[in-house]
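Hi,

Here is the structure I promised to pass on to you. Have a look at it first, and then read on for what turned up.

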Amino acid sequence: MEITNVTEYQPIAKQKLPKMVYDYYASGAEDEWTLKENREAFSRILFRPRILIDVSRIDMTTTVLGFKISMPIMIAPTAMQKMAHPEGEYATARAASAAGTIMTLSSWATSSVEEVASTGPGIRFFQLYVYKDRNVVAQLVRRAERAGFKAIALTVDTPRLGRREADIKNRFTLPPFLTLKNFEGLDLGKMDKTSDSGLASYVAGQIDRSLSWKDVKWLQTITTMPILVKGVLTAEDTRLAIQNGAAGIIVSNHGARQLDYVPATITALEEVVKAAQGRIPVFLDGGVRRGTDVFKALALGASGVFIGRPVVFSLAAEGEAGVRKVLQMLRDEFELTMALSGCTSLKEITRSHIVTDADRHRPVSRL
């Protein structure tokens with residue numbers, strides 16, 4: 001079967017992967033309402049395309065925290081990629097580099113920061129969970145910096161792990177032949193098998209529930225890397241992130257894996273963008289499966305998007321070639337959406353190119 005869009009990788013991954021692994025990647029929290037809504041909210045945003053514009057040349061390049069990338073589509077942190085494919089994060093890093101875009105490495109990767117750096121050149125960010133032992137955190141941040149990583153994506157929505165019922169049913173744990181490589185030398189690389197989710201127990205034992213805004217300040221004292229705050233959904237937290245020195249915000253609901261019944265990220269995006277007032281860039285992850293989704297996010301003020309599940313599903317199906325294909329398909333679809341909307345560069349994508357539910361509920365004069 002010829003793959004023609006990103007979503008076609010998911011059923012292939014479901015066939016190839018053990019149930020415990022597939023369910024870990026695919027499932028959301030509790031009723032999975034937000035999981036469905038992350039996708040469905042995009043479908044309620046419609047286009048207002050402009051016509052008779054010369055679109056023979058289209059420029060999708062952009063800069064993120066000063067780093068030039070080929071397109072505003074980047075790779076989100078997804079944990080334990082060697083469960084999907086033996087090459088895991090190595091394959092993802094090479095695919096991102098080949099596409100000229102950013103890869104974010106999860107704290108809970110099955111390849112270390114040093115190993116990923118060894119795959120060759122590329123712009124890489126490091127996603128950070130804050131452990132109770134701050135020495136572990138400081139050590140990890142310094143290693144990422146030494147390995148050439150360019151920014152920290154601090155996950156702030158996980159003081160405890162969301163209730164992921166598939167993981168509880170499957171007694172999820174990291175397969176015995178794998179470790180959380182960044183923590184291997186610290187005796188924190190293994191996950192015990194428990195009577196429910198092994199990951200939930202690991203998080204309860206290791207992750208610092210007392211994490212607060214003062215820790216964002218503390219991180220700035222131990223690294224020169226800019227800090228993106230990942231997991232913001234409200235204007236209030238946007239303003240606090242800016243006050244506390246964040247270099248950017250990632251509007252994220254953790255792939256709908258934490259608190260169920262929070263809004264889709266595309267629904268929360270505009271509130272965050274308005275509160276940021278252009279002072280720092282705002283990015284989005286969650287539910288992006290089409291180039292049209294990328295355009296909608298940018299029209300609502302995002303500086304770029306991160307993709308997660310499409311990476312692990314394509315990795316499971318076809319390894320590095322699959323991840324490359326996902327990035328290429330999204331790129332091609334996004335370019336086509338720009339052309340058919342009458343936009344030749346990212347700065348030409350504006351709020352007037354789309355209509356949302358909110359617009360339909362109130363008459364808006366566009367003259």
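Let me start with a small puzzle: is Tyr261 buried, partly exposed or exposed? Tyr261 is partly exposed, because its relative accessible area is 49% and the exposed class begins over 50%. Before going further, please keep in mind that this is a predicted model.

Tyr261 caught my eye for its backbone too: its phi is positive, about 70°, although the residue is not a glycine. You'll find Tyr261 in the loop between S9 and H11. Arg171 is another residue other than glycine with a positive phi, in this case near 50°. Look for Arg171 in the loop between H7 and helix H8 (198-206). With a relative accessible area of 37%, Arg171 counts as partly exposed.

Now to the annotated residues. The unreviewed UniProt entry puts an "active site" feature at His254. His254 sits in the loop that runs between strand S9 (248-251) and helix H11 (265-276). His254 counts as buried because its relative accessible area is 12%, and the cut-off for buried is under 20%.

What does His254 touch, once its neighbours within four places in sequence are left aside? The contacts are Tyr129, Thr155, Asp157, Thr158 and Arg164. With Asp157 there is also a polar contact between the side chains, at 2.9 Å.

The UniProt record, again as an unreviewed entry, has a "binding site" annotation as well, covering Tyr24, Tyr129, Arg164, His254 and Arg257. Of these residues, Tyr24, Tyr129, Arg164, His254 and Arg257 are included in the lining of the largest cavity. So His254 carries both the "active site" feature and a place in the "binding site" annotation, if you want one residue to begin with.

Two others from that annotation are worth a click. Arg164 is in the loop between S7 and helix H7 (165-170), and it is buried, at 4% relative accessibility. Tyr24 belongs to helix H2 and is buried, with a relative accessible area of 4%.

Tyr24 has plenty of company in that helix. H2 spans residues 19-26 and is mostly covered, with 7 of its 8 residues buried. Those buried residues are Met20, Val21, Tyr22, Asp23, Tyr24, Tyr25 and Ala26.

On to the empty spaces. How many cavities of 30 Å³ or more does the structure hold? There are 2 of them.

The largest cavity has a volume of about 430 Å³. Its lining is made of 30 residues, and those nearest its centre are Pro77, Thr78, His254, Gly255 and Arg257. The elements that give two or more residues to this lining are H2, strand S11 (304-307) and helix H13 (309-341). H13 gives the most, with 3 residues. By class, the lining of the largest cavity divides into 14 nonpolar, 10 polar and 6 charged residues.

The second largest cavity has a volume of about 30 Å³. Val6, Thr7, Gln10, Arg289, Arg309, Pro310 and Phe313 line it. Here too H13 gives the most to the lining, with 3 residues. The classes in the lining of the second largest cavity are 3 nonpolar, 2 polar and 2 charged.

Then there is the largest pocket, which holds about 300 Å³ of space. Which residues lie nearest the centre of the largest pocket? They are Val156, Thr158, Pro159, Leu211 and Trp213, out of 20 lining residues. Strand S7 (151-155), helix H9 (213-222) and strand S8 (227-232) are the elements that give two or more residues to that lining. S8 gives the most, with 3 residues. The lining of the largest pocket has 12 nonpolar, 5 polar and 3 charged residues.

One last link between these parts: Thr158, one of the residues nearest the centre of the largest pocket, is also in contact with His254, and His254 is one of the residues nearest the centre of the largest cavity.

That's what I have for now. Happy browsing!

Conventions: Residues are numbered from 1 along each chain as its sequence is written. This is a predicted model: local features need pLDDT of at least 70, side-chain atom pairs count only at pLDDT 80 or more; totals for chains, interfaces and linings use all residues. Side-chain values use heavy atoms; hydrogens and water are left out. On a 1 Å grid over the protein atoms alone, a cavity is a set of points where a 1.4 Å probe fits but cannot get out, and a pocket is an open set with protein on both sides within 12 Å along at least five of seven lines; lining residues have an atom within 4 Å of a point. Grid points are joined across faces, edges and corners, and a volume is the space filled by probe spheres set on the points. Helices (H or I, at least four residues) and strands (E, at least two) are DSSP runs, numbered from the N terminus. Ala, Val, Leu, Ile, Met, Phe, Trp, Tyr, Cys and Pro count as nonpolar, Asp, Glu, Lys and Arg as charged, and the others, Gly among them, as polar. UniProt positions are given in the numbering used here, feature names are shortened, and annotations may be inferred rather than shown by experiment. Buried means under 20% relative accessible area, exposed over 50%, partly exposed in between (1.4 Å probe, protein chains only). Contact means heavy atoms within 4.5 Å. A polar contact is a pair of N or O atoms within 3.5 Å; within protein, one must be able to donate a hydrogen and the other to accept it, and residues adjacent in sequence count only if both atoms are side-chain atoms.
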